[in-house]
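Hi everyone, thanks for having me. I'd like to walk you through one structure today, so let's put it up on the screen.

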Amino acid sequence: WSKEDFPWSEELNTTLKDVFKLDKLRPMQLQTMNITMAGKDCMLIMPTGGGKSLCFQLPAVLSKGITLVVSPLISLMEDQLMALKTLDIDSTTFNSNTSTADAKTIQTAMTDPNSTLKLLYVTPEKLAKSKRFMNKLEKMYEMGRFSRLVIDEVHCCSQWGHDFRPDFKFLGIMKRQFPTVPILGLTATATLKVLDDVKNILNIPHCQLLRASFNRPNLYYEIRTKPSSFSDTMTEIKTLIQTRFSGQSGIVYCFSKKDCEEVTIDLQKNGIPTGCYHANLTGPERSRVHEKWSKGKILVVVATIAFGMGIDKPDVRFVIHHSISKSIENLYQESGRAGRDDKKSCCIVYYRLADVFRQSCMVFTEQTGLKCLYGILAYCLNVKRCRRSMIAEHFGELWDSSHCNGMCDHCDPNSVCKYFPQSNMTTHCRNILLILQQAAETDQKLTALKLIDAWFGKGPASLRVSDIKEKNITVEKAEKIIGFMLLNDYLKEEFHFTAYTTISYMKHGKARLNCSKE
Ligand code: ADP
Ligand code: ZN
């Protein structure tokens with residue numbers, strides 16, 4: 001698809017430069033545009049920030065008539081419309097906030113052969129519920145003005161996906177109603193199962209699938225061991241922000257709203273212009289922080305994962321995770337907000353075993369929650385492989401580690417990444433099992449913290465095992481060993497609705513680690 005010359009190829013290139021002010025296309029953009037320009041159905045899977053919008057915006061400019069864009073979030077539409085306005089591309093949105101007068105103007109434009117309207121954004125609700133709008137679409141189709149249907153976040157069609165939205169189901173009628181209108185579906189996350197389901201729902205069994213690589217060559221991935229105290233962690237983060245990232249924009253992701261507030265205050269006290277962003281703030285408060293940050297009036301946003309959709313700041317130089325994400329998928333999305341301008345940017349995760357338990361108490365009720373969380377535990381504990389290779393594997397891509405170019409803490413020769421000595425593991429694991437056995441015999445439940453205490457000869461005497469001679473290991477290493485045992489099924493978490501987490505010994509030679517809701 002990319003090599004041949006198409007009737008539109010020349011105009012595509014000049015429009016890219018003259019209208020969109022861009023030099024060249026990114027991987028998969030040309031292929032996608034050529035397929036949709038040829039009138040074929042297509043689904044594009046591309047990571048967030050990869051440049052999906054251009055794949056329909058440019059064809060919209062090249063095509064006669066109107067491109068209908070179905071998008072689930074009004075805020076996302078508005079961001080795109082703002083950008084289109086600065087490029088002088090006639091575009092608008094029809095959603096629940098649209099006034100009656102504006103709705104009328106839009107509906108007139110839909111069937112006016114002289115209208116210059118190129119892109120019309122709608123919410124799936126509007127499409128499903130406004131009969132009048134549907135009638136207008138039919139007219140537009142009959143007039144040959146319905147040039148393309150774009151469905152953003154197309155995975156929302158499927159119940160198997162993580163973000164099912166019932167109104168997306170309605171889109172199934174579009175192919176029957178408008179058989180000659182090519183459909184272009186866009187998503188950043190979709191398994192094969194979801195994609196198959198989406199094809200069925202949309203009635204596009206023969207659509208072409210395009211998948212862009214998830215590799216972001218300009219992002220440097222790094223995992224650091226989180227110091228045991230809040231203030232030591234903050235000292236490290238502050239130093240990073242004031243030296244390595246001095247004067248640059250970034251995001252610090254935290255586990256909870258409370259963490260966000262504490263981290264924000266700490267950074268502000270040190271003269272770092274910082275804003276706080278989480279779900280307990282009002283809409284206007286959040287918008288204000290987002291805007292100040294976008295304009296460079298503050299440098300750092302400290303946020304929960306509520307800070308996500310619609311972030312399109314190109315020069316985010318660092319994303320620091322004060323605490324691990326709940327899955328590799330989440331980590332990838334969150335870190336991926338760095339370096340949209342293709343310049344080198346850093347993604348640093350502070351890892352500590354205690355944070356795994358904080359997360360596991362939140363996610364254990366989700367069907368694949370624990371599996372995803374252990375995915376990230378494996379990612380954090382593994383220092384024997386390129387971080388990129390693990391991310392690629394997660395997204396089902398083949399990967400050659402030589403492609404990393406030293407852009408992760410494993411491949412970078414200057415990194416301080418510490419290798420985890422495997423030599424004494426057996427003894428350590430046996431010691432842990434001995435303690436757990438003793439706990440089981442005396443009918444006590446153990447938290448990870450109590451386990452480590454007992455291991456180090458502290459805490460209640462009834463838990464101490466006299467056989468254990470080796471005391472000269474650090475808490476950091478002890479935590480790594482427990483993490484390793486969790487990953488390899490020697491320990492198992494158990495969940496209660498009490499105030500702490502516990503561990504116990506299991507009959508089959510394995511042990512259970514009990515975690516409870518805090
Ligand atoms: P997605 O929808 O995949 O998350 P966007 O379409 O919002 O990504 O694009 C992310 C950013 O990349 C935007 O700022 C966009 O202008 C920019 N971009 C897209 N395509 C190109 C390109 N070919 N060259 C340079 N920048 C691009
Ligand atoms: Zn690497």
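Okay, so what order do the strands of the open sheet come in? Before I answer, keep in mind that this is a predicted model. The order is 3-4-2-5-6-1-7, with 7 strands in the sheet and parallel pairing. Look at the two edges: strand 3, residues 91-94, and strand 7, residues 208-211, each pair on one side only. And if you follow the sheet across, the twist averages 20 degrees from one strand to the next.

Now let's zoom in on one pair. Strand 5, residues 146-151, runs parallel to strand 6, residues 183-187, and 3 bridges join them. If you want a spot to click on, try L149, which stands opposite I183 in strand 6.

Next, a helix. Helix 4, residues 74-86, lies across strand 3 and strand 4, and strand 4 is residues 119-122. The helix runs at about 165 degrees to strand 4.

Last topic: cysteines. Quick reminder, a disulfide is a covalent bond between the sulfur atoms of two cysteines. How many disulfides does a search of the whole structure find? The count is 0.

Why doesn't C347 bond with C346? C346 has the closest cysteine sulfur, but that is 7.2 Å from the sulfur of C347, too far for a bond. The cut-off here is within 2.5 Å. C347 is also buried, with a relative accessible area of 2%.

C372 is a similar story: its closest cysteine sulfur, in C380, is 14 Å away, so that's too far for a bond. C372 is partly exposed, at 33% relative accessible area.

That's my tour, thanks!

Note on methods
Residues numbered from 1 in each chain as written. Chains lettered and ligands numbered in written order. Predicted model: local features only at pLDDT ≥ 70, side-chain atom pairs only at ≥ 80, totals over all residues. Heavy atoms only, no water. Pairing = 2+ DSSP bridges. Helix = DSSP H or I, 4+ residues; strand = E, 2+ residues; numbered from the N terminus. Axes fitted to C-alpha atoms, helices over the stretch in contact; angles between N-to-C directions. Contact = heavy atoms within 4.5 Å. Buried < 20%, exposed > 50% of the residue type's maximum accessible area, 1.4 Å probe, protein only.
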